[in-house]
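Biologist: Could you take me slowly through the pockets of this model, explaining each term as you meet it?

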Amino acid sequence: MAEVAPAPAAAAPAKAPKKKAAARPKKAGPSVGELIVKAVSASKERNGVSLAALKKALAAGGYDVEKNNSRVKLAIKSLVTKETLVQTKGTGASGSFKLNKKQDESKCHI
């Protein structure tokens, strides 16, 4: 009357190697950073463009700001560290930004 547990199935069948997900094709069009630089350069504000105004300009250009809010902030931070933009007010990704004239002049002479 001793019940014998069924023998475990002969070692689980070898698992097929996982297929890598197909790489998503890159979307055509300018990057977020390029869009931001265009929006700032188009502005005639003396003290630079605020974050809110930048987002409005990107939204007017057809960019989904609500969906890609973190990308916008990261792009702004990277442009400030690359010295493409100068932050006139605020810290981080908030405040006002304008183009760095010193860097523009150096690019023109190359």
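Modeller: Helices (H or I, at least four residues) and strands (E, at least two) are DSSP runs, numbered from the N terminus. The model is predicted, so that local features need pLDDT of at least 70 and side-chain atom pairs count only at pLDDT 80 or more, while totals for chains, interfaces and linings use all residues. Residues are numbered from 1 along each chain as its sequence is written, and side-chain values use heavy atoms, leaving out hydrogens and water.

The second largest pocket (an open set of points on a 1 Å grid over the protein atoms alone, where a 1.4 Å probe fits, with protein on both sides within 12 Å along at least five of seven lines) has a volume of about 160 Å³, the space filled by probe spheres set on points joined across faces, edges and corners. Eleven residues line this pocket, and Val40, Glu45, Lys98, Leu99 and Lys101 lie nearest its centre; a lining residue has an atom within 4 Å of a point. Two or more lining residues come from each of α1, β3 (96-99) and α4 (101-108), and β3 gives the most, with three. The lining divides into four nonpolar, three polar and four charged residues, where Ala, Val, Leu, Ile, Met, Phe, Trp, Tyr, Cys and Pro count as nonpolar, Asp, Glu, Lys and Arg as charged, and the others, Gly among them, as polar.

The largest pocket has a volume of about 760 Å³, and of its 19 lining residues Lys27, Pro30, Val32, Tyr63 and Arg71 are closest to the centre. In the largest pocket, the largest share of the lining, three residues, comes from α1.
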